[in-house]
Amino acid sequence: MTPTACREEATSPLNSSSSFTSAPQMASSSLVVLAAMATVAALLLSPATSLPVFTGDASPGFHAASCPQLDGIVWSSVEAALRQEVAVAAGLLRLYFHDCFPQGCDASILLNNTAARETALGPNLTIQPRAMQLIESIRARAHAVCGPVVSCADITLLATRDIIVISGGPWFNVPQGNLDSLAPAAQEKVFDLPAPKTASVATLVESFATRGLGDVADLVALSGAHTIGRSQCGSFEDRSQRADDTFSRKLAANCSKHPERLQNLDVITPDLFDNAYYKALGFNQGVFTSDMALVKNKTTAAIVKRFAESKDAFFGQFARSMEKLARVPKPAGNVGEIRRFSCFRSNAQRADAAVDAAGEEEEEGFSASA
């Protein structure tokens with residue numbers, strides 16, 4: 001199900017089935033409309049009950065008082081989703097990166113801006129909608145149990161961390177108390193993302209450094225997210241068409257015969273979060289041009305070799321780099337809201353939809369009585 005399909009649509013409190021509305025009914029309808037509008041306003045203006053104050057603390061106990069069930073809700077939801085569709089792990093990892101890298105972790109990538117999402121995540125992919133729907137379903141569960149005290153941004157971080165652990169990867173802290181943005185990321189922020197599949201090591205290092213990820217090991221470790229996931233032929237066309245080694249020729253042949261088939265990014269253990277991706281690079285079996293660039297650059301090649309030889313070394317650096325990515329500075333600070341109705345709409349968007357629906361029903365009542 002896509003984000004658009006899962007939006008909560010406002011339902012009118014009025015019954016407009018009759019073709020005639022008497023004066024008492026009309027007055028009653030107007031009162032109901034006003035009451036509905038007042039309720040929406042109250043929901044948006046009143047602070048969330050027991051809302052914790054953001055401190056930037058990475059402690060897993062940040063929501064302990066306001067929502068002690070949160071960790072269990074996130075873990076069980078993610079575990080069930082992974083059993084149903086293993087690709088959701090790669091989808092969450094992609095959301096994590098493309099939400100946090102542009103302007104800090106603020107769930108802006110989840111807002112209903114199809115053009116921005118496709119620019120960042122790529123069109124015609126199924127794993128991102130599934131991952132986004134998982135975030136929304138966790139929000140709905142958490143808010144039903146605890147009230148609106150947990151943001152979609154926090155849920156994205158927690159869900160991604162948990163799915164990595166369940167897939168075999170390392171546990172790491174993620175800062176909690178992030179507010180959800182009021183609007184999608186600006187187009188210039190989205191386009192400022194590096195092209196990790198084709199960019200050079202120098203370009204990637206420079207781009208990462210602007211986000212506080214200046215250690216070259218950050219780039220190499222975060223590239224290790226390719227240890228899970230699959231990609232379409234068009235995503236690595238530049239590598240396969242060169243056909244300059246045995247593996248690239250194999251990629252070209254596979255795509256020629258089955259252009260719709262998805263290619264495993266880790267050809268050794270595609271569904272397990274481990275260090276096999278780096279081992280494959282040692283045999284020139286990197287799918288993306290940027291993967292192979294890591295073994296052709298003297299500085300990054302040494303790190304690739306270290307990670308290939310030691311899963312512990314990779315896991316330690318990956319955990320540090322993921323936490324650093326979660327702390328990419330927000331230009332305006334931690335400003336925003338906790339989305340109460342849907343991760344795919346701001347609270348104002350939801351309120352506007354409810355008021356518009358109520359207003360339309362009111363107009364129909366006056367028209368019928370004229």
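1. Let's start with Asn284, which sits in the loop between helix 12 (276-281) and helix 13 (289-296). In this predicted model, Asn284 takes a positive phi of about 60°, although it is not a glycine. Is Asn284 buried, partly exposed or exposed? Its relative accessibility is 37%, and since anything between 20% and 50% falls in the middle class, Asn284 counts as partly exposed.

2. Ala107 is another one to look at if you go through backbone torsions. Ala107 also has a positive phi of about 60° and is not a glycine. This residue belongs to the loop between helix 3 and helix 4. Unlike a partly exposed residue, Ala107 has a relative accessible area of 0%, so it is buried.

3. Staying in that loop, have a look at Gly104, placed between helix 3 and helix 4 (114-121). Gly104 comes out at 0% relative accessibility and therefore counts as buried. What does Gly104 touch, once residues up to four places away in sequence are not counted? The answer is Asp99, Val328, Pro329 and Lys330.

4. Gly104 also turns up in the annotation. An unreviewed UniProt entry has a "binding site" feature that covers Asp99, Gly104, Asp106, Ser108 and Glu118. Two of the names in that record, Asp99 and Gly104, are in contact with each other in the model. I'd keep the unreviewed status of the entry in view when quoting this annotation.

5. His226 is listed under "binding site" too, again in UniProt and again from an unreviewed entry. In the model His226 is found in the loop that links helix 9 (216-223) to strand 1 (230-231). With a relative accessible area of 18%, His226 is buried; the cut-off for that class is under 20%. Which residues is His226 in contact with, leaving aside neighbours within four places in sequence? They are Leu265, Asp266, Tyr277, Phe288 and Asp291.

6. Now the helix packing, beginning with helix 3 (residues 88-103) and helix 6 (residues 152-166). Their axes are 9 Å apart and the packing angle is about 140°. Angles over 145 degrees would be roughly antiparallel, so at this value helix 3 and helix 6 are oblique to each other. The crossing of helix 3 past helix 6 is left-handed.

7. The residues at that contact are worth displaying. From helix 3 come Val88, Ala89, Leu92, Leu93, Tyr96 and Cys100, and they meet Thr156, Leu157, Ala159, Thr160, Ile163 and Ile164 of helix 6. Sorted by class, the contact has 10 nonpolar residues, two polar ones and no charged ones.

8. Thr156 deserves its own point. This threonine is in helix 6, and at 4% relative accessibility Thr156 counts as buried. Setting aside residues up to four places away in sequence, Thr156 touches Tyr96, Leu110 and Ile135. Tyr96 is one of the helix 3 residues at the contact with helix 6.

9. The other pair to check is helix 9 with helix 15 (residues 311-326). These axes come within 9 Å and cross at roughly 105°. That makes helix 9 roughly perpendicular to helix 15. On the helix 9 side, Ala217, Asp218, Ala221 and Leu222 take part, meeting Phe314, Gln317, Phe318, Ser321, Met322, Lys324 and Leu325 in helix 15. The residues here divide into seven nonpolar, two polar and two charged.

10. Leu222 also gives a handy link back to helix 3. How many residues separate Phe97 and Leu222 along the chain? They are 125 residues apart, while their C-alpha atoms are separated by 9.2 Å. Phe97 lies in helix 3 and is buried, with a relative accessible area of 16%. Leu222, for its part, is among the helix 9 residues that meet helix 15.

11. Finally, the whole chain. Its secondary structure comes to 16 helices and two strands. Of the 370 residues, 49% are buried. Among contacts with a separation of 6 or more, 77% are between residues 24 or more positions apart. The pair Phe97 and Leu222, 125 residues apart along the chain, is a concrete place to begin looking at long sequence separations.

Terms used: Residues numbered from 1 in each chain as written. Predicted model: local features only at pLDDT ≥ 70, side-chain atom pairs only at ≥ 80, totals over all residues. Heavy atoms only, no water. Axes fitted to C-alpha atoms, helices over the stretch in contact; angles between N-to-C directions. Helix = DSSP H or I, 4+ residues; strand = E, 2+ residues; numbered from the N terminus. Parallel < 35°, antiparallel > 145°, perpendicular 65-115°, else oblique. Left-handed = near helix turned anticlockwise from the far one by under 90°. Contact = heavy atoms within 4.5 Å. Nonpolar A, V, L, I, M, F, W, Y, C, P; charged D, E, K, R; others polar. UniProt positions renumbered as here; feature names shortened; annotations may be inferred. Buried < 20%, exposed > 50% of the residue type's maximum accessible area, 1.4 Å probe, protein only.
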